[in-house]
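User: I would like to go through this model step by step. Please keep the answers short.

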Amino acid sequence: MRLIDPRLLRRARAVRVLLAADVALGVLAALLVLAQAVLIARVAARAFGGAPLPEVTLPLVLLVAAAAGRGAAAWGFEAVGRRAATSVLSGLRLELVERRLRDRPAALDGAESGEVATAAVAGVDALETTFARYLPQVVLAAVVPLAVIVLVASIDLLSAGLMLLTLPLVPVFMWLVGRYTEGQTRKRWQALSLLSTHFLDVVRGLPTLRAFNRGEAQAERIAEVSDRYRRATMGTLRVAFLSGAVLELAATLGIALVAVTVGVRLVNGGIGFEAALTVLVLAPELYLPLRNLAAQFHARADGLAVAERLLDLIDTEPGAAPARGTPPSPGDVPVRLEGVSFAYPARPGEVLDSVDLELAPGETVALVGPSGGGKSTIASLLLRLAEPTEGRVAVGNADLADCDPAAWRAQIAWVPQQPTLFRGTVADNIRLGDAGAGDERVRAAAELAGADAFVLELPEAYETVVGDGGRPLSSGERRRIALARAFLRAAPLVILDEPTADLDAASAEAVGEAVSRLGEGRTVLLIAHRPELALRADRVVTLDGGRIVDLPTVEAA
Amino acid sequence: MTGTLRRLLALAGMPAGRVALSILLGALAVGFGVALMTTAGYLISRAAEHPPILSLTVTIVAVRFFALSRPIVRYLDRLVSHDLALRALGRIRARFYERIEPLAPAQLEGYRRGDLLTRMVGDVDALQGLYLRGLAPPLVALAVGSVCAGVMAAVLPAAAAILAAGLVIGGFAVPAVAWAAARAAGRRQAAVRGELTAELVELLRGAPELVAYGREEETIARVRVVDAELARLGRRDALVAGLADALSILVAGLTAAGVLAVAVASHDSGALDRVLVATLALLALSSFEGVAPLPAAARELGTTIASGGRVLELTDRVSAVRDPSDPLPAPPVPATVTLESVTARYGPREEPALSRVDLRLDPGRRVGLVGPSGAGKTTVTSLLLRFLDPEEGRVTIGGRDVRDYRQEDVRRTFALAGQEAHVFGSTIRENLRLARSAASDAELEAALGRARLGEWVASLLDGLDTPVGEEGLELSGGQRQRLVLARALLADAPVLVLDEPTAHLDPPTASRLMDDILDAAADKTVLLITHRPEGLERMDEIVTLDAGRVTAVPIAS
Ligand SMILES: Nc1ncnc2c1ncn2[C@@H]1O[C@H](COP(=O)(O)OP(=O)(O)O)[C@@H](O)[C@H]1O
Ligand SMILES: Nc1ncnc2c1ncn2[C@@H]1O[C@H](COP(=O)(O)OP(=O)(O)O)[C@@H](O)[C@H]1O
Ligand SMILES: [Mg+2]
Ligand SMILES: [Mg+2]
């Protein structure tokens, strides 16, 4: 059994000073507990011998001082431990976000956003316990029992021997049970992921569910998924509680063993009262750090399952050292797909099969063909959201794979087939195309995209909040905002994926004209299925079943 | 606060018998622990007087009994209480869904998807603490504390007063401090968690566009801000937690010292048997086990109640669209559907989306609805399915207002292939089955065939069981649209409503598709919303909408 994932431990190194301080505070608190035990026994024993109150004042005052010291140490233990945990976990969370954004924006690995978000929020919280409590507790569990045994041995060797008799049982039980818990916890975490993914999907699809009168039936599904989560959780808990119970049994039996043998030896005069009482009060402390560890054990298992998922998400395919080459401008040199093939990892079979396609500088190329032919996939490859499985994308003489992706993308304006509006104002959404653009340019771009008129009708015009949780827009309106984005961006290469898909004829005509104007002096890849739009291109290329079927000869007006 | 608590408990609907059992077990577990230390202390003190061993037998048996039964009772207690809490969670989750389901889509528009996800998963999960920490421990502490103080009172009233005071401070005052200090932060924490999840869901979903527009840094910076806020709240919480821990330890230490001092003095004055001095000290020390979890519980209760409030906020909302108290029987099939001078508005601050619109769908008739995007075409479908009710005028089926029918019966009249239709992140089969859960494979394939998707699905390795990805993102735009169509065809309702069904299709596919659909729907009423010529020529009449008004008198084609 691994105590903790080495990848996690590596990240904990940054806060090792805090963790060390935390452990020191924990040890201090534990030692003060021992002092307390010794003092209580001393007072009681003296009184037993007939001492009046004034004679035990000193140990009583020390007792209070020990309690105060212990309290202060406990305070520090909690605060320092959680501070250490928080900083490691924030780091992990941001690392995850960066990885997803920088290296795997297209999420081709099928990781769903609900799952990833839950791992990054709820999951990371679960990890906090591992860091703040479990990790320091591991050290305490190793150090404190040793101190107790040494102390007991110095008082009464026989009792120390008795305690040692039960001690080895404890880690053995923990080991056995802990091994069992890991698979269970993973299952539990999967159940929670399923619950999140499922619920996010259901929330997004509620209108559709209701349209088919399936809204209520989903309540059963939710209950079922919840119940699976409960069963998985109870599965881990039963085992975790059992391990706790086993340890507790060892502890209570230890107390009883010491109490009874010491009692009998007291009757025979084999041990003094104070020694006997001290040993008894110390007996539960021997097992306490271990029991705390066992209590954290289950939290640790939870945390580990999450950590594994998180680290897997972070560590997928250690992104090839980002190429740093400066790409030439597509305004000066042609962009070429050279024998490009592509297959989605999730699906067998090639989506693109040795595609050759050249976009000359300043040229507008229309890409047409039946739905599912691979047109949008070509856009993804050009944007480097995916890499060809064979062949290469070249800009002039440079292989795109050798160029810095960010520098390359800075030269592209893209409107995807299903554009996303982000939560924010309409103006902010358009400014995605160019963060520095002033209001004037934003409006000009919106006008070009045919968006200005309806935006002005919105409750707060350009300041209306749209996107997730904002003012809903009709799909034609959303597309026109996304188009305005592209029009705002002064990029030499423009990729428009079915830009007029849900527009009426008049708007489509206007957008077409805007595209023609935009195309002057720029390279445009126009993915289109409407002939009237395709005809605006210099050249029409047909893609069917992943192959170019027409030689690019169709000259248009 | 108590109002929130009471209503959450009502929502959880926990069986009283089980609650009583769990509290009894909890009290016994803590009680046996106290009894173990107390009897062990008594055993040793008594043994120190060198009595005949036989006179100790009863005590020895008691020590062994408590040592053995404590871990067992504790184990049972944890099992019962956790099972109880998890079942309650399942119930809350199902009810949460049942209550928000009728709110969709209109009344959920102000919420971000990720925020809803946190409410459903994270916040509901936090409610686990409601019983496990909010309800059970105080009752257990009360029961055990009273017994301990009572027992001590029978022996030494002055010491009992100290113990009672200590228990009240440790079990009431310290938790109250923790509660007060953590409440505001707890509320913030739940909200910030929701915000972080919402940010993450959005950024993961929109990652391709963010990356294409070079906004990685900015997005990461935004997540960093929310994350830093969460970390700050976490550190604050740790400080409060540590303070509460410190105070509890201090109070317990003071109480033990106080009881010991009183016991020593009483023994000195002859009022207390010397055997009982150590016994009482151990009783005082161990009786704090019951109150120890309370400060943490109080602190977490702040978060729990904040989470609960977020859940209740949604479950309290009353759906704007409601079933009548005395609904009509299901509408006749086939029936005429009409909009009669309908004015509809999405919000008080919005312009009307439709103004005095009339539309008539006689059985078997095919009506085309055209008009610029944003004209209100999709709004018509929302009115038909009662996602929105008219502000003025009425929508009728068979001559009766749709508001007089049950919503379910109204929706059964229509099969909607919506523009915003959601594709669920499961398989092709599951998505189709939504429309007809009992459909055979042959029926599914027939519907896919009519939607011109049959060949493609047949070519897939997993066929109907191919996963389509989150929101259908692993399909091409046109494939996704055809899947939505196939689903509507399968629903087999008398009125087929198609909202821009061919927007993402190439013209040849689009016209073949429309032919197939209209042939298959020969005996159905059809409302076709479109910007495209395909299918329009086969309509009986065409209605044009512009800016929410019918502009062209219906033309029979
Ligand atoms: N993320 C994905 N995972 C697996 N398959 C995909 C994914 N995206 C698209 N596909 C498949 O690749 C093929 C080509 O899709 P696409 O390029 O979107 O076509 P087009 O844009 O020409 O309509 C389709 O069969 C589609 O199902
Ligand atoms: N849920 C909504 N809340 C507020 N306004 C909306 C909502 N949905 C659509 N609208 C607005 O109502 C008008 C009509 O939209 P819609 O019916 O979707 O148009 P169409 O389908 O004709 O393109 C538009 O101005 C749109 O912005
Ligand atoms: Mg496409
Ligand atoms: Mg529409």
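The questions below cover the chain interface, the salt bridges, the metal sites and one core residue.

Analyst: This is a predicted model, so local features need pLDDT of at least 70 and side-chain atom pairs count only at pLDDT 80 or more, while totals for chains, interfaces and linings use all residues. Residues are numbered from 1 along each chain as its sequence is written, chains are lettered from A and ligands numbered from 1 in the order in which they are written, and side-chain values use heavy atoms, with hydrogens and water left out.

User: How many residues of chain A and of chain B are in contact with each other?

Analyst: Contact means heavy atoms within 4.5 Å. By that rule the two sides of the interface are 156 residues of chain A and 159 residues of chain B.

User: What area is buried between chain A and chain B?

Analyst: Buried area is the accessible area (1.4 Å probe) that two parts lose on being put together, summed over both. Carbon and sulfur atoms give 66% of it here. The total is about 13,700 Å².

User: How many salt bridges does the rule find across the interface of chain A and chain B?

Analyst: A salt bridge is a side-chain nitrogen of Lys or Arg within 4 Å of a carboxyl oxygen of Asp or Glu. B:Asp227 and A:Arg93 form one, at 2.4 Å from N to O. Across the interface of chain A and chain B the count is ten.

User: Which helix gives the largest share of the side of chain A that touches chain B?

Analyst: Helices (H or I, at least four residues) and strands (E, at least two) are DSSP runs, numbered from the N terminus. The largest share is 30 residues. They come from residues 215-267 of chain A, which are helix 8.

User: How many residues on the side of chain A that touches chain B are nonpolar, polar and charged?

Analyst: Ala, Val, Leu, Ile, Met, Phe, Trp, Tyr, Cys and Pro count as nonpolar, Asp, Glu, Lys and Arg as charged, and the others, Gly among them, as polar. On this side of chain A the split is 85 nonpolar, 34 polar and 37 charged.

User: Which residues are linked with A:Asp227 in a network of salt bridges?

Analyst: The network takes in residues of chain A and of chain B. Besides A:Asp227, the members are A:Arg230, A:Arg231, B:Arg18, B:Asp83 and B:Arg87.

User: How many residues apart in sequence are the parts tied together by B:Glu289 and B:Arg74?

Analyst: Their closest N and O atoms are 3.5 Å apart, in a salt bridge. B:Glu289 sits in the loop between helix 9 (275-286) and helix 10 (294-315) of chain B, and B:Arg74 in helix 3 (residues 57-100) of chain B, so the pair joins parts separated in sequence by 215 residues.

User: Is B:Arg74 buried or exposed?

Analyst: Buried means under 20% relative accessible area, exposed over 50%, and partly exposed in between (1.4 Å probe, protein chains only). Its partner B:Glu289 is partly exposed at 28%. B:Arg74 has a relative accessible area of 17%, so it is buried.

User: Which helices do B:Glu199 and B:Arg222 lie in?

Analyst: These two form a salt bridge, with the closest N and O atoms 3.3 Å apart. B:Glu199 is buried at 10%, whereas B:Arg222 is partly exposed at 37%. In chain B, B:Glu199 lies in helix 6 (residues 157-205) and B:Arg222 in helix 8 (residues 216-268).

User: Which protein donors coordinate the magnesium ion (ligand 3)?

Analyst: Donors are N, O and S atoms within 2.8 Å of the metal (3.2 Å for Na, K and Ca); water is not among the atoms, so sites may look incomplete. The distances are 2.0 to 2.2 Å. The donors of ligand 3 are A:Ser376 (OG) and A:Gln417 (OE1).

User: Which protein donors does the magnesium ion (ligand 4) have?

Analyst: They lie 2.0 to 2.1 Å from the ion. One is in helix 11 (residues 377-384) of chain B, the other in the loop between strand 6 (414-417) and helix 13 (428-433) of chain B. The donors are B:Thr378 (OG1) and B:Gln419 (OE1).

User: Which residues does B:Val497 touch?

Analyst: B:Val497 lies in strand 7 (residues 495-499) of chain B. At 0% relative accessibility, B:Val497 is buried. Leaving out residues up to four places away in sequence, its contacts are B:Thr381, B:Leu384, B:Phe414, B:Ala415, B:Leu416, B:Ala417 and B:Leu527.
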